Amino acid sequence: MKGMTVIVKTIASWVKILIFLFGIYIIITGHLTPGGGFAGGVIIASSYVLLLLAFGREFAEENMPLGAASRIDCVGALMFAAIAVIGITTGGVFFTNFLYQKYLPGNAMELVSAGTIPLSNIAIGLKVGASLFLIILVLSIFCQDYRCKGNVCEIPGGKEKENN
Amino acid sequence: MLYSLCFLLFMVGLYCAVVKKNMVKIVLGILVMEYAVNLFLIMLGYRAGGVAPIVSKEDIVEAGGTLSSMFVAKSVDPLPQALVLTAIVISLGSLALMISICIRTYEKYETFDITEIRRLKG
Amino acid sequence: MSLPAVPLPTFVAVPLIAAFALPLFGKRGKSAATFLANAVTIFLLCCAVASIGRTAVYEIGRWPIPLGINLVLDGLSCLMLLAISTVSAAAMLFSTRYMERYTAKSKYLCLFMLMVAGMNGVVLSGDIFNMFVFLEIASLASYALVAFGCEHEELEAAFKYMVLGSIASTFVLFGVGLVYGNTGTLNMAYISKAISESGLNSGLTFALALFIAGFGLKAAIVPFHAWLPDAHPSAPAPISAMLSGVIIKALGIYAMSRIVFNVFGITVEVGWLLMILGILSMIIGAFMAIGQWDLKRLMAYSSISQIGYVVLGIGFGGLLIAKGAKAQWSALAILGGLFHLVNHSVYKSLLFLTSGSVEMSTGTRDMKQLGGLAEKMPVTRAAATIGSAAIAGVPPFSGFWSKLILVIAAVGSGFYWVAAIIVFVSLCTLIMYLKVQRYVFLGELPEALRETKEQKNSMLIAMVFLACLCVLMGLLLVPPLRSSVLEPAVRVITDGVSYSTNVIEMVRESVKL
C-alpha cells in the first residue's frame, strides 16, 4: 500500500491526534455519557487506520508494529481479567465492584465515581483498539502480495502467512 | 407491524445467504441478517414518547441518590441496547474471520464462485 | 465433602486468562506455553471431578438474580463439564506433538483455550443471553481452528461451516429477542416461571422453533447436517476430536435440552419432532458412512448417526413424560440418551486421535492406500480396536450398555419399532467399523508404507488414557457412581420446568447462610 497525495498526508497528520484524543475522551467518560470501552476503542483504531491509509503500510507498521499491537491486545484483556479476579479477593465474589462498594465511592455524575467501571472501560478500549488495528494491518499485509495489472492479478506461490 | 418489516429484512438476508453464488455476497447476506436481528432487539425496548436512557444530574433525587420516578416512567428500556452492543461486537469478529477466509480461499482456488470450489464431495 | 468446593467462575475465567497469557510467550517460549496449556486443561479436569454431586448458584458481582447474571451448576452441567474437561485434556496432550507441523502453534493454543472457555460458559450459564455469548465465543474459535492449516480443503470446509454456523447463531439471537419481548426477563429460571404461568403464545412458539433450528444446526441433526462431513475431516486431528466429541454436544444437544425441557417445558409435538429427527439422523448417517473411503469422513458420518441416538433417547423420554406414561421408562430413556452422549465423547475422540496418529505416520487418509499397519503401530491399533468395539456396541465396553438401556426403554413402553431401528443401526455401525479395521490395520502392507513407525510418547499416553476410559465407563452404571454422576443429570431433565423453583430456592438458601 503506497499512501496518498500530499494534501491527504498533511491533513491526516493534523487530524489523527484529534481523533485519538476524542477516542480517549469517550473511553474515560464512558460511565457518564454514551460510549464506553468498545466505541472508544473503535475510534482509537480508526485513527491508526487513517495513518495506514494516508501514509502507506510500512509507515504504519513502523509506528505500531505487529508484535507490539498483539501484546497490547493481550495486556488489555489480562487487565480486565485482573480487575474481575481482584474482586474475589476483596469482596467475595467474582466481578464485584469493589472500588464503589468499599474504597472509593465518589459522588454521582463525576469523573471519579462508579468504582471499577472506568478501569474496565480503559482495559476494553486498549484491547479493542489494538485488535481492530491488528485485523486491518494483517489484511493489508496479505493484500500486498498480489501484483495486479488492470484486471489480472498474479498470485505468488504458496507463502506461509499466519491466519490471524 | 414494524416487527414484520424487521422479519422481512431477515428473510431478505436469508435469501441472499442461501441463493447467491459469490462468496462475498453470501457474507453480505449474513451481515444483513445480523442487522435485522439487531434492529428487532432495539425495537423491543421502545416506549411511545420516551427519552433516551441517559441519566443527567437533574434526574437524581437529592435525598436518597435514586432515580426520579419521572425518569423511570419515561425512559426507553436500556437492556436491549446493551444486548445489541454485544451482538454488534460479535458480528464484527465473525465478519473479520469470514473475510479473511474468503481472501485465503481466493488465493488457493482463484475464484469466488462457490460452484467451482468443490473438492470435498460425497 | 472432603474436596473443597470449586467456585464456578474458575471454569470460565482460568481458560480465558490462559488464552490471553499464551500469545505473550512468543516464539522462544513455545515449550513453556505448551506446558502451561496442558497444566490448565489438567487443572480443569481435577476441578470438574471435584464438583461431582454438588449443586450451586453463583451470582456474579453479588447482584440479586433477576437483575444480574448467574452461573448454575446442577447435575446436567456437571456431567457435561466432566465430558468437556476429559476430552480437552486428552486432545491437548495429543496436540503437543501433533501440532509441531504447523507454524503458528501459540495461536492454536490460544484458540483452543478460548473454545474450552466458551463451552464451559455455555454449560454453566443461567442466563439465556450469556449462553448465546459463550456459544459465539466457542463457535468463532472452532471456525478458526477448522481453517488452521490453510490448505484447499480446510478453507472450503471452514467457509461452509462458518456460513451455516453464523446463520444458526442469528436464529438463536432472534429467538432470545422474541423470548425477552414476551416475558421481560433474560434469566432462565424467571423465564420458565413466566412461561408456565402464562402459556405459549404464537411469538413464543416461533421462538421455540427458531431455537430448535439453531441448536439443531449446531448439533448437526439431519436436515441441518450439511457442514459436518466437510468440517470434521479437514480439521487437524485433535480439533476433530474436540468438534465431534464435545462441541456438537455442548453447543447443540445440551443447549437444546436446557431450552426445551427446563425453560419451555416439553410437549407431545416437540417430543415426536425430536424422536423423528433422531431416527432420521441415525439411519442417514449410518448409510452414508458405509460407502466412504476417506477414514475421517467415515467417522464424521458416524458421528451424525450416534448423535441421532442421543436425540432419540432424549426425545423419546420427553415424549413419554409429556404423555404422562410411567416415570421409570421415561427416566430410563433419558438415562440411555445421556449416558450415550458421554460415551460417544470418549470413544469418538479416541477414534479421531488414532486416525490423526495414522495420518501423521503415513501421510494419507485414504483407506484404499492404507493397510497392514497392525505390526508397525501396535499401540494405535489396540486403541483403535477398543474404540471401534465400544462404538459398535460390543459387550463389555461402554457403548453396549447405553444402547441396551435405550432398547429396554423402547421395548418396555411399547415402541417396538424404535427398538428394531436401534438394533439395525447398531449392526450398520458394526459393519462400518469392521471396514475400518480391515482396510487400515489388517491386510497387506503396501510398498510405500514400509517405513512407518509408531508415534512418540505424549500422543500414546493420550490415546491409552481414553482407551482405558472406554473400558471403565461401563462401570458408571454401578449404583454408587450412577447415583452421583448420572442420576442428577437425568433428574434435571425429568424435573423439567421445576428447574426454576430449584434455582430460586438455592439462591434463597445461599443468601440465608
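Where chain B meets chain C, the contact draws 27 residues from chain B and 27 residues from chain C. Keep in mind that this is a predicted model. For the complex, the predictor reports an ipTM of 0.93 and a pTM of 0.92. Here's a quick tour, beginning with that contact and then taking each of the two chains in turn.

**Where B meets C**

- Two helices of chain B, H2 (23–44) and H4 (79–109), each put at least two residues into the side of chain B that touches chain C.
- Which element gives the most to that side of chain B? That would be H4(B), with 13 residues.
- Sort the side of chain B that touches chain C by class, and you get 18 nonpolar residues, five polar ones and four charged ones.

**Chain B on its own**

- Chain B is built with four helices and zero strands.
- Follow the sequence along and the pattern of chain B reads α-α-α-α.
- Chain B has 122 residues, and buried ones make up 24% of them.
- Now for contacts within chain B: take those between residues at least 6 apart in sequence, and 60% of them join residues at least 24 apart.

**Chain C: what it's made of**

- What does the secondary structure of chain C come to? You'll find 19 helices and two strands.
- Chain C has a radius of gyration of 22 Å, and the globule rule gives 24 Å for 513 residues; the two are close, so chain C is as compact as a globular protein of that length.
- If you box up the C-alpha atoms of chain C along the principal axes, the box is roughly 70 × 55 × 45 Å.

**Chain C: burial and contacts**

- How much of chain C is buried? Buried residues account for 62% of its 513 residues.
- Among the contacts in chain C between residues at least 6 apart in sequence, 80% link residues at least 24 apart.

**How confident the predictor is about chain C**

- The mean pLDDT of chain C is 86, with 98% of its residues at 70 or more.
- Where in chain C is confidence lowest, and where is it highest? The low end is helix H19 (residues 499–512) of chain C, at a mean of 77.
- At the high end sits helix H5 (residues 128–146) of chain C, at 93.

Note on methods. Residues numbered from 1 in each chain as written. Chains lettered and ligands numbered in written order. Predicted model: local features only at pLDDT ≥ 70, side-chain atom pairs only at ≥ 80, totals over all residues. Contact = placed C-beta atoms within 7 Å. Nonpolar A, V, L, I, M, F, W, Y, C, P; charged D, E, K, R; others polar. Buried ≥ 20, exposed ≤ 12 C-beta atoms within 10 Å, placed from the backbone. pLDDT = per-residue confidence, 0-100. Rg over C-alpha atoms; globule rule 2.2 N^0.38 Å.
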